[in-house]
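Colleague: I'd like a close look at one part of this protein, the charged side chains and who they pair with. Could you start there and then walk me outward to whatever surrounds them?

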Amino acid sequence: MTGIDAGLFDLFREEVRTHTDTMSRGLLDVEGDPGNPTRIEPLMRGAHSIKGACRIVGIDLGVRLAHVMEDALVAAQNGQIRLTAADIDTLLRGSDVLRGLADLSPSTVSSWAVTNAAAVEALDPVFVAMAAGKPRPQAAPPVAQPSPNPPAPAAVVPPPPARNAFPQVPQFTRTAVPTAPLQMPANYSMTDMFREELRSNLLVLDATKPEEATECLQQIRGAARLIKCQPVDRVAAAVSAYFAAAGDRGVDPGASEWLAYAAATLAGAIGTDDDGFAAWVAEATPALTEIAEVFDRAAAPAAAASTSADLQPSTHVAEPAPAALAVQLAAPVAAPAAPGPTEAYSGHRPEAAPAEAVVRVTAQSLNRLMGLAGESLVQARWLPSFSASLLSLRKQHDLLAVMLDGAFHAAAAGTDTAELGRMIAEARRQAGVCRASLNDKAADFDDHAARGEDLNTRLYREVIVSRMRPFGDGVHGLPRMVRDMSRTLGKEAKLVVEGEKTEVDRDILEKLESPLSHLIRNAVDHGVEPTEARVAAGKPAAGTIRLEARHRAGMLQVTVSDDGGGVNLDKLRKKIVDRGLSAAEVVRQMQEPELLEFLFLPGFSTAAAVTEFSGRGVGLDVVQDTIRRVGGSVRVTSQPGRGTTFHLQLPLTLSVIRAVVVNAAGEPYAFPHNRIDRLLRVPRAAVKSLEHRQFVTVDGQNVGLVVATQLLDLPATPSPGEELAVVLLSDATGTYGLVVDSFRGEQDLVVRTLDPRLGKVPNLSAAAILDDGSPVLIVDVEDLLRSMDQYIQTGALSRCDTRPLGRTQKKRVLIVDDSITVREVERQLLVNKGYEVVVAVDGMDGWNKVRADQFDLMVSDIDMPRMSGLQLVTALRSDAKLRDLPVVIVSYKEREEDRARGLEVGANCYLTKSSFHDNRFIEAVEDLIGPAV
């Protein structure tokens, strides 16, 4: 296999992937409609095509398996047999084995054949009996197929393992695996999910016999694939393959020690965070590589022991490849897909591994792109001739300038009127020629610009189309998952997919895989009732889960619904109260939409116990986070007794976004349009202060303000004018206002990823080019919201400049205190900082002065004659003109209840008079109104 053409093998893999996906899904349709021969025909053709393709690339074992499967399907199509549920199971296992071919490279074909020889040996007689209509022999056990990328199936009939195949295990310290679920952070990442999955499986692995470890290892491998952790994926695959090959006949004694070493190495990942996990991978990779190689070497002789003359086909002789198939493989109808996990992680270096990701583009789309590229080339060739015509026009203008100069000098020299008139008339004629030529050139340019705009629009649309894939391409494995999961749970359920031909951006489709899998697992586990309960409720015995995709209002709408019992709101209310998320009285008054939002909280689960499918506290919050990361949203509706529906709204593409462009510190920044709630222009006078925070009131809700220059690490640049430009953003934790310099408008931006060498740039996600050719950075709104929340919680906020730029008069402070000593101390402190200060001798004097003049801040004592400080602040907050004036209370009273009372009546800050000694007084004033000038 080493000499096979890499391009041909890429086409082979793509063909196998397509046909096995069709077979896997089609077999489920046949199971629901076994007597319909039209459903069997595409399956038979798929097996036939795989057989021919395997013959071309020289994979005899694949030819053998596909051939016997084809015979069985032909018999079913001709009505000679009726496929039973057991037959469907066997055909699915055969499809799983063939699916492994799609993950190979030319250099790994031999190892695939060795690993799967026993599986084919076991399946062959079953298919032969099936095709002949005879009783089937005992079928092989199922081949594990985790979604979305199944590994190569393990051998079904294990050979005896080679003894003493393991070297001495290295010295290691056994790491204790925590028995309690991990404490997840507020915002889960996929790495957090992986660590929890790893913890739970290592606990089971620790109490399991080595030969029974395969299922845990497969789950670890599937989790590793989701986060693209190659070393863990590889070691789990190698260990799993060895134990599957060894089977019931026993394993080498050294295998247990090496399994313990592998578990101890993997356990080191559990206590890490996201940053620490990357460091752990780098540190553990050498050990994981060694473990994988040891199990690979041990598995090879064990598997080879069972393959005598057994790779020869049985009585079924492989047919030569049909001419149509040969043409299909040779035709450049599609670009190869990216290598599968087995190729990437198997430890063998493919001979022609692509240097970067490759995507499929249809021949029609490629032809259209070529046509548009040709048009673009023709358009570009027009520009040199246009430039030459402009040079001619410039010469005409130069001649006009010479004529005008001549006329000017002639007039200055006293030339006779007739000659001067002739020169002016000639200049006017030349001006007319220039004007006519300029009009012609302008018209030509306008026509060219219009054609160019049309061409660019068509080219852009075609490129977008080339990035699109049918929605059905991303959900092939989901019907099988529903079938297998419902059987495990003892339920009856089926998945109905609508809108399979809806075009979806390939990046969006890839990111939808995990959320859709989770929602559908939830629907089977939590939504669909047991068969007995459904029948008792008058429903069909089998539950229906419906997955639908469609375009609507320029967005992609995806819904996942079930016809189960719906969300039990009473149970949900109890869970909310039990977890202390809200008071019982408040929960009782909540409406259904408010209650359902709790389902998206981190760690929230309504499951009564931890099972394989639920109760781990890693759930809908991860779905919501994933959808929001691509600029989408998710909501849930439920009807008691009728089912639950999740509504997902996503952008049509990630390559082009509609964005709002703003200025911050003189630099442009872009916010994805669908992540902005509103754009506001807030009067500076409407900005209020409370202790170290500033806020505005929007629709009756106080919205905290954060300055964009602080979050983006830019120099502060106060903006002119009487209004602040505010971008209103929100997430599950709250609503925030980001203060920017100004708004520039909306644009469509082509997203360009940042150089990976930069790593994760805080608060930024990508870059783009504006219409004027200048670069712009695109804000990562999720990251920005986390930063805003952190700054607000810590009180480390820069203040908005609440005065327009250019106002330089000193800020004025009114001091109200009946103690002349305290008044003088406060006055001196403020005057030394440049403030203009006015004093009042008691509360009533202060009340009169604050109404008669304008001040930026009031400082008041509490205990004063005629009107106390609390009464003064209360009166101030009741006055429409003065209610927003910042107030600092300075009192000898140090009890917490006194402080709480002062803040309750409306003071922005409460200090004790000891604050004069440690600058807290001046710091509080500057926090509230800024410097004196």
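Modeller: Sure, and keep in mind that this is a predicted model. Let's begin with a cluster: Glu 31, Asp 89, Asp 96, Arg 480, Arg 483, Asp 484 and Arg 487 are tied together in a network of salt bridges. The idea behind such contacts is simple: side chains of opposite charge can pair when their charged atoms come close. Across the whole structure, a search turns up 45 salt bridges. I'll pick out three individual pairs, since each has its own setting.

Take Arg 64 and Asp 124. They form a salt bridge in which the closest N and O atoms are 3.2 Å apart. This pair links distant parts of the chain, with Arg 64 sitting in helix 3 (residues 60-77) and Asp 124 in helix 5 (residues 109-132), 60 residues apart. Are these two side chains buried or exposed? Arg 64 has a relative accessibility of 7%, so it counts as buried, the cut-off being under 20%. Asp 124 has a relative accessible area of 5%, and therefore it is buried too.

The next pair is Arg 458 with Asp 454, a salt bridge whose closest N and O atoms are 3.1 Å apart. Here both residues lie in helix 14, four residues apart, which is about one turn of the helix. Arg 458 has a relative accessible area of 32% and is partly exposed. Asp 454 is also partly exposed, at 41%.

Staying on helix 14 for a moment, it spans residues 417-467 and also holds Asp 444. That aspartate belongs to a patch of negative charge on the surface, where Asp 440, Asp 444, Asp 446 and Asp 447 gather. Asp 444 is partly exposed, with 37% relative accessibility. Helix 14 is home to Val 433 as well. Val 433 is partly exposed at 32%, and its C-alpha is 8.0 Å from that of Gln 396, although the two are 37 residues apart in sequence.

Now the third pair, Arg 812 and Asp 853. Their salt bridge has its closest N and O atoms 3.0 Å apart. It links distant parts of the chain: Arg 812 is in strand 20, while Asp 853 is in the loop between helix 25 (843-852) and strand 22, with their positions 41 residues apart in sequence. The two partners sit in unlike surroundings: Arg 812 is buried, at 18% relative accessible area, whereas Asp 853 is partly exposed, at 37%.

That salt bridge leads us to the strands themselves. Strand 20 (residues 812-816) pairs with strand 22 in the parallel sense, over four bridges. Within that pairing, Val 813 stands opposite Leu 857 of strand 22. On its other partner, strand 22 is joined by three bridges to strand 23 (residues 887-891), and those two run parallel. There, Met 858 stands opposite Val 887 of strand 23. What covers strand 22 (residues 857-860) looks like this: both faces are covered, with Leu 857 and Val 859 buried on one side and Met 858 and Ser 860 buried on the other.

There is also an open sheet worth a look. Six strands make it up, in the order 16-8-9-19-18-17, and the pairing is mixed. Strand 16 (742-750) and strand 17 (752-753) are at the edges with a single partner strand each, so one side of each has no neighbour in the sheet. Further in, strand 18 (residues 764-769) and strand 19 (residues 775-779) pair in the antiparallel sense over five bridges. One of the matched pairs is Ala 768 with Val 776 of strand 19.

Two loops between strands of this sheet have backbone angles you may want to check on screen. Most residues other than glycine have a negative phi. Ala 665, though not a glycine, has a positive phi of about 55°, and it is found in the loop between strand 8 (656-664) and strand 9 (667-672). Asn 763 is another residue other than glycine with a positive phi, near 70°. Its place is the loop between strand 17 and strand 18. Asn 763 is buried, with a relative accessibility of 4%.

Terms used: Residues numbered from 1 in each chain as written. Predicted model: local features only at pLDDT ≥ 70, side-chain atom pairs only at ≥ 80, totals over all residues. Heavy atoms only, no water. Pairing = 2+ DSSP bridges. Patch = residues over 30% accessible without salt bridge, like charges linked within 9 Å, V, L, I, M, F, W, Y side chains within 5 Å. Areas by Shrake-Rupley, 256 points an atom, 1.4 Å probe, with all protein chains shown as cover. Salt bridge = Lys/Arg side-chain N within 4 Å of Asp/Glu carboxyl O. Lys, Arg positive; Asp, Glu negative; His and termini not counted. Charge placed at Lys NZ, Arg CZ, Asp CG, Glu CD. Buried < 20%, exposed > 50% of the residue type's maximum accessible area, 1.4 Å probe, protein only.
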